[in-house]
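Trainee: I would like to go through the labels attached to this structure and ask, for each of them, what justifies the word.

Mentor: Then let us look at it together and set each value against its definition.

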Amino acid sequence: MASAESQPRFGQSVKGLLSDKVGSCSVDVIALTRQVLKGSRSQELLGHAARNMVIQEDAILHSEDSLRKMSIITTHLQYQQEAIQKNVEHSKNLQDQLKHLLK
């Protein structure tokens with residue numbers, strides 16, 4: 001009789017252990033799912049960051065090109081300014097000469 005009584009207890013304890021193990025596995029599966037989703041979100045964020053970086057790189061290259069063009073324009077404007085200053089000085093000399101001739 002003792003063995004007949006111990007068998008249901010053994011079955012119940014196995015069921016309890018099995019139930020605990022299933023619960024533990026369920027918790028592990030949920031944690032794994034969360035981690036996979038978190039990793040997926042991280043990949044998504046990295047993808048967005050990479051796209052934004054490419055956009056910024058294009059903007060930087062465009063800005064660099066614009067600065068190079070502005071530098072060329074500045075150089076040309078300096079040449080023109082020098083030429084205008086020389087012409088102003090030359091015109092002052094011509095005005096002085098005209099004044100002396102008209103005296």
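**Salt bridges and exposure**

Mentor: In this predicted model, a salt bridge links E44 with R41, and their closest N and O atoms are 3.1 Å apart.

Trainee: Why is the contact of E44 with R41 called a salt bridge?

Mentor: The definition asks for a side-chain nitrogen of Lys or Arg within 4 Å of a carboxyl oxygen of Asp or Glu; the closest N and O atoms of E44 and R41 are 3.1 Å apart, so the pair qualifies. Both residues lie in helix α1, three residues apart, which is about one turn of the helix.

Trainee: What makes E44 partly exposed?

Mentor: Buried means under 20% relative accessible area and exposed means over 50%; E44 has a relative accessible area of 39%, and therefore falls in between. R41, at 43% relative accessibility, counts as partly exposed by the same reasoning.

Trainee: How many salt bridges does the structure hold?

Mentor: The structure holds three salt bridges. D65 forms a salt bridge with R68, where the closest N and O atoms are 2.6 Å apart, and D65 also forms a salt bridge with K69, where the corresponding distance is 3.4 Å. Since the cut-off is 4 Å, the value of 3.4 Å for D65 and K69 satisfies it.

Trainee: How do you know that D65, R68 and K69 belong to one network?

Mentor: They are joined into one network by salt bridges that share partners, with D65 bonded in this way to R68 and to K69. Along helix α1, D65 and R68 are three residues apart, while D65 and K69 are four residues apart, and each of these spacings is about one turn of the helix.

Trainee: Are the members of that network buried, exposed or partly exposed, and what decides it?

Mentor: D65 has 27% relative accessibility, R68 has a relative accessible area of 47%, and K69 has 45% relative accessibility; partly exposed covers what lies between under 20% and over 50%, so D65, R68 and K69 are each partly exposed.

Trainee: What makes L98, L101 and L102 a nonpolar patch?

Mentor: Leu is among the side chains that the definition treats as nonpolar, and they are joined within 5 Å; L98, L101 and L102 form such a patch on the surface, with about 390 Å² of accessible area together. L98 lies in helix α1, which spans residues 2–102.

Note on methods
Residues are numbered from 1 along each chain as its sequence is written. This is a predicted model: local features need pLDDT of at least 70, side-chain atom pairs count only at pLDDT 80 or more; totals for chains, interfaces and linings use all residues. Side-chain values use heavy atoms; hydrogens and water are left out. Patches are made of residues with over 30% relative accessible area and no salt bridge: like charges are joined within 9 Å, nonpolar side chains (Val, Leu, Ile, Met, Phe, Trp, Tyr) within 5 Å. Accessible areas come from the Shrake-Rupley method with a 1.4 Å probe; for residues, only the protein chains shown count as cover. Helices (H or I, at least four residues) and strands (E, at least two) are DSSP runs, numbered from the N terminus. Buried means under 20% relative accessible area, exposed over 50%, partly exposed in between (1.4 Å probe, protein chains only).
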